[in-house]
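Biologist: I am new to this model. Could you show me how to read a metal site?

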Amino acid sequence: MATSARDPYEVLGVQRDADETTIKKAFRKLARELHPDVNRHDPDAEEKFKEAAEAYEILNDSERRALYDRYGHDGLRSGGYAPNFEGFGSISDLFDAFFGGFGGGVGGRAAGPAQGRDVAVGAEITLADAAEGTSVELSFEAVDACEVCHGNGAKPGTPIVTCERCGGAGVLQAVTRSPFGQVMRQMACDVCGGDGRVPSEPCEHCDGRGREVRRRTLRVDVPAGIGDGQRIRLSGRGHAGERGGPPGDLYVLVRIAPDERFLRDGDDLVTVLDVPAPVAMIGATMTAPSLDGEVEVDIPAGTQPGEVFVVRGEGMPRLRRSGRRGDLRVVVNIVVPRRLTRDQRKQAEKLADSMTDENVRTDESLVGKLKRLIGAA
Ligand SMILES: [Zn+2]
Ligand SMILES: [Zn+2]
């Protein structure tokens, strides 16, 4: 490891004759600066913190320090010493073990208000609803303050008293062994959960927890133009917080059911119009489906397969831009008639026989034709 090569005195920034207190102070200061939780912008912070911890581990132990002073890192290695962070799941555990839950890391739950978690709920709507804007009624389960005790966990009318286990401090001190020797760590009191106060008679409705899972129903407005997979955030509508903490948020994941008439492409809608080949030859006005019903589309004589006609403003409304709408793109599918009657066949034969080069001449390039046919235009 490259980090073990640095001089521990240099790492901690102390003199070679520094005493125990100075070394401890230097490490504490450095560790606070380097703690990964306060250095998210610095990807090297964790490595630097490990390096500092390692340096401290060497200098804080008089035997190791003497070994290092005489023989350097090689002396430590040949003496069987290797940095030992075993038993710590993460750097933040290591930090907590030393500082006793500084910053509320994973090592010990910090007592105090905690924000409630977020809730995610799905809602499926139709494309027409997405175009109009709608409101959906949601039903979901979430943690709420108990409706009988209003969250304090006490049977109504009974007092709340100081927790005997922690003496009202809300935290317990525990001594654990670590690479730095014995360290004190704090954890939230397991009786009062950090409150320092407990109900003398627990609320029967929630068993003194103060919280219960309840089914809620909520009507949520879905704005016109919303897209499939978009989320609506309702601040403060998630799980209730703990010990006076704020509630979490509610996220509504909007799914739009497939529509058999349209595909959606951003704010545009795409539909396919079947045009019989003879109609495409002579041209006609046809109707295509639109969100509001139908629209007329002019199919000019000589329309080719895959041609696209754009009907402006017949697409989806643009989200949060009232009055603005995308377009409807009508893709022409030329249908070649099948199962002809004898008479139809005769007419087709006659037409086929009359074809000239002029009828089928095109100045479209190969790429142009392909783009039209596969819809890449
Ligand atoms: Zn209750
Ligand atoms: Zn307690």
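Biologist: What is the site of the zinc ion (ligand 2) like, judging by the angles among its four donor atoms?

Modeller: Ideal angles at a metal are 109.5 degrees for four tetrahedral donors. Here the angles run from 103 to 119°, and the site is tetrahedral (four donors, all angles between 85 and 135 degrees). This is a predicted model, where local features need pLDDT of at least 70, side-chain atom pairs count only at pLDDT 80 or more, and totals for chains, interfaces and linings use all residues. Residues are numbered from 1 along each chain, ligands from 1 in the order written, with chains lettered from A, and side-chain values use heavy atoms, leaving out hydrogens and water.

Biologist: Which residues coordinate the zinc ion (ligand 2)?

Modeller: Donors are N, O and S atoms within 2.8 Å of the metal (3.2 Å for Na, K and Ca). In this case they are the SG atoms of Cys163, Cys166, Cys189 and Cys192, at 2.2 to 2.3 Å. Cys163 sits in the loop between β3 (160-162) and β4 (171-178), and Cys189 in the loop between β5 (181-188) and β6 (197-199); strands are DSSP runs of E, at least two residues, numbered from the N terminus.

Biologist: Is Cys163 buried or exposed?

Modeller: Buried means under 20% relative accessible area, exposed over 50%, with a 1.4 Å probe and protein chains only. Cys163 is buried at 2%, and Cys189 is buried at 1%.

Biologist: What are the protein donors of the zinc ion (ligand 1)?

Modeller: Cys146, Cys149, Cys203 and Cys206 each offer SG, 2.3 to 2.4 Å away. Their spacing is C-x2-C-x53-C-x2-C. Cys146 and Cys203 lie in loops, so the pair ties together parts 57 residues apart in sequence.

Definitions and conventions:
Four donors count as tetrahedral if all angles lie between 85 and 135 degrees; four count as square planar and six as octahedral if opposite donors are over 155 degrees apart and all others between 65 and 115; anything else is irregular. Helices (H or I, at least four residues) and strands (E, at least two) are DSSP runs, numbered from the N terminus.
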